[in-house]
Amino acid sequence: MEIKVMPAGESERRPKPKDESKLVFGTVFSDHMFIMNYDEGRGWHDARIVPYQNLSLDPAAMVLHYGQGIFEGLKAYRASDGRILLFRPEKNWERFNKSARRMCMPEIDPAVLMQSLEALLRLDADWVPRSRGTSLYIRPTMFATEPALGVRPAKQYVYYVITGPVGPYYPEGFNPVKIYVSDEYVRAVRGGVGEAKTMGNYAASLYAAEIAKKKGYTQVLWLDAVERRYVEEVGTMNIFFRIEDTLVTPPLTGSILPGVTRESVIHLARHWGIKVEERPITIDEVIERAKDGSLKECFGTGTAAVISPVSELCYKEERVTIADGSVGEWSRKLYDELVGIQYGEKEDIFGWVREVPLDK
Ligand SMILES: *Cc1c(COP(=O)(O)O)cnc(C)c1O
């Protein structure tokens, strides 16, 4: 695919953050963006890299009314030798197209997704920060642009990629989170769109997250929408429990987002000989095991934090501390291994890392 490149002029360049340790997630964006358009009958066209800029939308653009919009989230990591590395990007492309299918949106050839991201990263390579723990966050997005108010799949879409440097998630070591179990509000229901990375899921999660925050909790633990008994996810992360010497995580039954980090943790743990069970787990079992001490660790997984240890749960106004609130051995080990692979410091035994060719 031909990508037209229109580099930013001197005056269009954006100020680079001076102190990489003070970066706030998702607030600073790089000089360029990739963008292309879709029209039914014509397919994807006009692939281009342009200076980061506003989009112009018709007020009737269908995404604004009926929410046909999906996105991805991944990172580019700077290795100590200067190389730029991506972690399992093909998993993001696969999930992106799965989300597209579920939302009746057009798919994009994974080779095109990869080629356009690499072209963008080559141009903005200097935006990939260098200090340990920092990275360049990548946000591929697609939404319906067709101006029409009938409820049906749109015939026009835009796909774009923006990027921006983000700070180290744990500048001073792990920061275990306290989570609030929501038994009133739910995130997604089986058969719905919970397994798609689609915009409305995040709007749907805000109300319960605000309630949790007011009560002093960082994240919401979501239960299944039907019985409000089975654990699903924590905030925008997948969740794992170490019960004695088994790692337990809820199975992907349709309402849970299939995380790349989740899959990597399962793969790595099994490789280490740890028994991993993907099985339904009730909140009652979690609370019971936290109380009798057999719940040794609990952590969320996602691209942003990699591993996010959970120190406390609040369920039906009862507070339960997990393993004295300390960070578990497996949480630390999984974090160190995954981060080590992502930054090209540990051997990439599963072929998860892809170097961005910078000299094309
Ligand atoms: C993106 C996301 C995750 C984590 O996925 P990763 O691929 O590991 O980053 C988990 N849950 C939700 C709801 C998400 O949106």
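These questions and answers cover the ligand site of a predicted model. Local features need pLDDT of at least 70 and side-chain atom pairs pLDDT 80 or more, while totals for linings use all residues. Residues are numbered from 1 along each chain, and side-chain values use heavy atoms, without hydrogens and water.

Me: How many residues surround the ligand?
Reply: A residue is near the ligand if one of its heavy atoms lies within 4 Å of it. Lys-197, Tyr-202, Glu-233, Thr-261 and Thr-303 are the closest. By class, the shell has four nonpolar, six polar and four charged residues. The number that surround the ligand is 14.

Me: Which residue has a polar side-chain atom 2.7 Å from an oxygen atom of the ligand?
Reply: A polar contact here is a pair of N or O atoms within 3.5 Å. Val-260 uses a backbone N or O atom, 2.8 Å from a ligand oxygen. Thr-236 also uses a backbone N or O atom, 3.3 Å from a ligand nitrogen. The side-chain contact at 2.7 Å belongs to Lys-197.

Me: What volume of space lies in the largest pocket?
Reply: The ligand takes up the space of this pocket. Its lining has 25 residues, with Tyr-137, Lys-197, Thr-236, Thr-303 and Ala-304 nearest the centre. A pocket is an open set of points on a 1 Å grid where a 1.4 Å probe fits, with protein on both sides within 12 Å along at least five of seven lines; lining residues have an atom within 4 Å of a point. The space in the largest pocket is about 610 Å³.

Conventions
Polar contact = N/O pair within 3.5 Å; in protein donor to acceptor, adjacent residues only side chain to side chain. Sits in = over half its atoms within 2 Å of the grid points. Nonpolar A, V, L, I, M, F, W, Y, C, P; charged D, E, K, R; others polar. Points joined across faces, edges and corners; volume = space filled by probe spheres on them.
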